[in-house]
Amino acid sequence: MRRWWAIAATAILLGGIGTAALLLRRPAVQVHFALTGHHGRPVSSADLAGGPVLLYFGYTFCPDVCPTELGYLARVLRALGPAAAQVRPVMVSVDPERDTPAKLADYLPLYHERLLGLTGTPEQVAELAGQLGVRYGRAAVATAKPGYYLIDHTAFTYVLDRHGRLVATIDSHSTPVEAAAAEIRKHL
Amino acid sequence: MNAMPRLLPVLFAPVLLSAVEVEGPWARATAPGAQAGAVFATLRGGAEDDRLVGAACTAADIVELHTHARDADGVMRMRPVAAIPIPAGGAAVLRPGAEHVMLIGLRRTLVEGERLPLELTFARAGRREVLVQVGAATADAAPAPAGSASPAAGGCCAPR
């Protein structure tokens, strides 16, 4: 009997905390990671602190969505003008098994000269994706080319402030380039 | 005596109307070693419904027709489709984030400014060779057509 009371009290307490959390301003998520850059050297979240970071999750085998999103990112950076130099655009690979640093190094300069590519072990990438709510996975439907697979993935751009806190999520489908630039400018 | 020339447009009109027109086929430049590319275009329907049922390109191992769907969580899912319908008098718009011709296993890099030959197969209109204008890697729409040269194999389709 006493145990039921304990469970009920815990539930009420947790419910209360949950409600309070909804009413309070949600604290920004502090994002941490330790991955490998397209230059082959380690890159951690601390290395990128000091200016806003734009994190996009994609992969180099991606035929359409990633070029579309990286093109959007390039236009957002252009809209920022000289301030773009303070912003670090990053693509994190959701396909670390195929995306070696060398592959990222070949791929990214075509989209923006300052794009940093990050990859790592599948576990390292999954850990960072989990912090941001990024979802990805190998597509269930195969293409006709043996061994060639696609990855389904969310295609948002996450804005981290100079302290590495998640401050905005940009959906290119609903955010004009100028509006995205305006959001990033708040965190310069 | 001169009835034939006047009759010609009448005789050929149904043929012309039934043909699908491929407007402004384009693709993005790809990175060195890239494995995949995508081709976009506007397919204008003729007098009858038609379907794009296949494509071939010497620059890729395999060419498939694909589409995208975005689920409630924002996950983009790309899927092969057997055909892309082109309604009579309407159009199928192949564009980024939607239906497209996918080049899988690129045999070479697609370079901005080049024109890539691509064969499209329609259920009714048959095979059409088009020249795909390659634009910037970051392009989100068809590049301006380069020159006015028409393709050797006829039926291509610079934007009007």
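In this predicted model, helix α6 of chain A, residues 177–185, lies across three strands of chain A: β4 (53–58), β9 (157–160) and β10 (165–170). The helix runs at about 170 degrees to β10(A). Those strands belong to an open sheet of eight strands in chain A. Chain A also meets chain B, with 30 residues of chain A in contact with 35 residues of chain B.

**The sheet of chain A**

- The strand order is β1-β10-β9-β4-β5-β6-β2-β3, and the pairing is mixed.
- Two strands of chain A sit at the edges: β1 (29–30) and β3 (42–44). Each of these edge strands pairs on one side only.
- Strand β5 of chain A (residues 88–93) pairs with strand β6 of chain A (residues 116–119). The sense is parallel, and the pairing runs over three bridges.
- Look for M91(A) to find one facing pair: this residue stands opposite G117(A) in β6(A).

**The interface between chains A and B**

- The size of an interface is often given as the accessible area lost when the parts come together.
- Between chain A and chain B, about 2,700 Å² is buried. Carbon and sulfur atoms give 60% of that area.
- Twelve residue pairs are in polar contact across the interface of chain A and chain B, counting pairs with both residues at pLDDT 80 or more.
- On chain A, the elements α3 (65–79), α4 (101–107) and β8 (151–154) each supply at least two residues of the side that touches chain B.
- Helix α3(A) gives the largest share of that side, six residues.
- The side of chain A that touches chain B holds 17 nonpolar residues, six polar ones and seven charged ones.

**Strand pairing across the chains**

- Strand β8(A) pairs with strand β5 of chain B, residues 75–80. This pairing is antiparallel and runs over two bridges.
- H153(A) stands opposite M76(B), which lies in β5(B).

**Salt bridges**

- The count over all chains comes to 16 salt bridges. Between chain A and chain B, the count is six.
- One salt bridge joins D152(A) and R77(B). Their closest N and O atoms are 3.1 Å apart.
- Another salt bridge links the side chains of R28(B) and D64(A), at 3.4 Å from N to O. This pair crosses between chains. R28(B) is in strand β1 of chain B (residues 21–28), while D64(A) is in the loop between β4 and α3 of chain A.

Conventions. Residues numbered from 1 in each chain as written. Chains lettered and ligands numbered in written order. Predicted model: local features only at pLDDT ≥ 70, side-chain atom pairs only at ≥ 80, totals over all residues. Heavy atoms only, no water. Pairing = 2+ DSSP bridges. Helix = DSSP H or I, 4+ residues; strand = E, 2+ residues; numbered from the N terminus. Contact = heavy atoms within 4.5 Å. Axes fitted to C-alpha atoms, helices over the stretch in contact; angles between N-to-C directions. Buried area = accessible area lost by both parts, 1.4 Å probe. Salt bridge = Lys/Arg side-chain N within 4 Å of Asp/Glu carboxyl O. Polar contact = N/O pair within 3.5 Å; in protein donor to acceptor, adjacent residues only side chain to side chain. Nonpolar A, V, L, I, M, F, W, Y, C, P; charged D, E, K, R; others polar.
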